[in-house]
Amino acid sequence: MTMSPVSPTGYHASVPSVTQFTALLDELPQLVRGVALVVAASADGITRAASSNLRRENGDPLGAAASGIVGMISGIAGHLNAGATHHVLVELDEGFMVIQKPTEHALLLVLAGHDTNMDQLFFELDRLGESAGRILDPGARVFS
């Protein structure tokens with residue numbers, strides 16, 4: 001399958017595989033200074049892809065934690081009649097943790113340094129989120 005870029009930064013209109021999506025995640029630190037790692041998970045916390053510099057055993061707990069954090073913030077927002085959750089921003093000693101919910105079925109978690117241009121990061125996350133929903137949708141869960 002041939003993919004054609006829709007932007008000079010290399011994001012594509014269609015992402016047919018996790019391998020190619022991982023390559024898009026690996027581009028984010030090149031596009032935005034200070035980005036250390038990226039985790040892409042389904043909204044129910046199943047890690048589907050991560051930047052290649054993340055140790056594999058850390059991907060699943062981070063995806064699950066991102067889902068839990070978004071769920072908690074969404075619950076609080078519901079009690080406050082504040083609408084849907086789109087981003088969660090947490091300041092840490094060493095930088096920022098950003099969780100974006102680009103679609104109902106997808107989450108992107110980013111660890112970024114204090115020197116990160118947050119406007120640029122959110123712009124690039126919005127662009128990355130266009131591809132995220134297609135590959136991160138967990139599909140139907142069947143329980144017997």
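**Entry 1: strand 1 and strand 5.** I looked up how strand 1 is joined to strand 5 in this predicted model. Seven bridges link the two strands, and the pair runs antiparallel. Strand 1 covers residues 35-42, and strand 5 covers 106-112. I then checked one position in the pairing: L37 has L111 in strand 5 as its bridge partner.

**Entry 2: strand 1 and strand 2.** Next I turned to strand 2, residues 47-50. Three bridges hold strand 1 to strand 2, again with an antiparallel run. I noted two of the facing positions. A40 has A49 in strand 2 as its bridge partner, and V39 stands opposite A50. I also looked at the link between these strands. They form a hairpin, with four residues between them. In the turn I found G45, whose phi is positive, at about 95°.

**Entry 3: the whole sheet.** In what order do the five strands lie in the sheet? I read the order as 2-1-5-4-3, in an open sheet with antiparallel pairing. Strand 2 and strand 3 (87-92) are the edge strands, since each pairs on one side only. From one strand to the next, the twist averages 15°.

**Entry 4: burial of strand 1.** Why is strand 1 described as largely enclosed by the rest of the structure? I took buried to mean under 20% relative accessible area. Seven of the eight residues of strand 1 are buried, so the strand is largely enclosed by the rest of the structure.

**Entry 5: helix 1.** I looked for what helix 1, residues 18-31, lies across. The helix lies across strand 1, strand 2 and strand 5. Helix 1 runs at about 50° to strand 2.

**Entry 6: the largest pocket.** I looked up the space in the largest pocket and wrote down about 240 Å³. Which elements give two or more residues to its lining? They are strand 2 and helix 2, the latter spanning 56-79. Strand 2 supplies the largest share, four residues. The lining includes T47, R48, A49 and A50. Among the other lining residues I listed T22, S51, S52, L54 and R55, along with R56, G59 and D60. By type, the lining divides into three nonpolar, five polar and four charged residues.

**Entry 7: back to strand 2.** I collected my notes on this strand. Strand 2 is an edge strand of the sheet. A49 is the bridge partner of A40, and A49 also lines the largest pocket. A50 stands opposite V39, and A50 is likewise in the pocket lining.

Methods:
Residues are numbered from 1 along each chain as its sequence is written. This is a predicted model: local features need pLDDT of at least 70, side-chain atom pairs count only at pLDDT 80 or more; totals for chains, interfaces and linings use all residues. Side-chain values use heavy atoms; hydrogens and water are left out. On a 1 Å grid over the protein atoms alone, a cavity is a set of points where a 1.4 Å probe fits but cannot get out, and a pocket is an open set with protein on both sides within 12 Å along at least five of seven lines; lining residues have an atom within 4 Å of a point. Grid points are joined across faces, edges and corners, and a volume is the space filled by probe spheres set on the points. Ala, Val, Leu, Ile, Met, Phe, Trp, Tyr, Cys and Pro count as nonpolar, Asp, Glu, Lys and Arg as charged, and the others, Gly among them, as polar. Two strands pair if DSSP finds at least two bridges between them. Axes are lines fitted to C-alpha atoms, for helices over the stretch in contact, and angles run from 0 to 180 degrees between N-to-C directions. Contact means heavy atoms within 4.5 Å. Buried means under 20% relative accessible area, exposed over 50%, partly exposed in between (1.4 Å probe, protein chains only).
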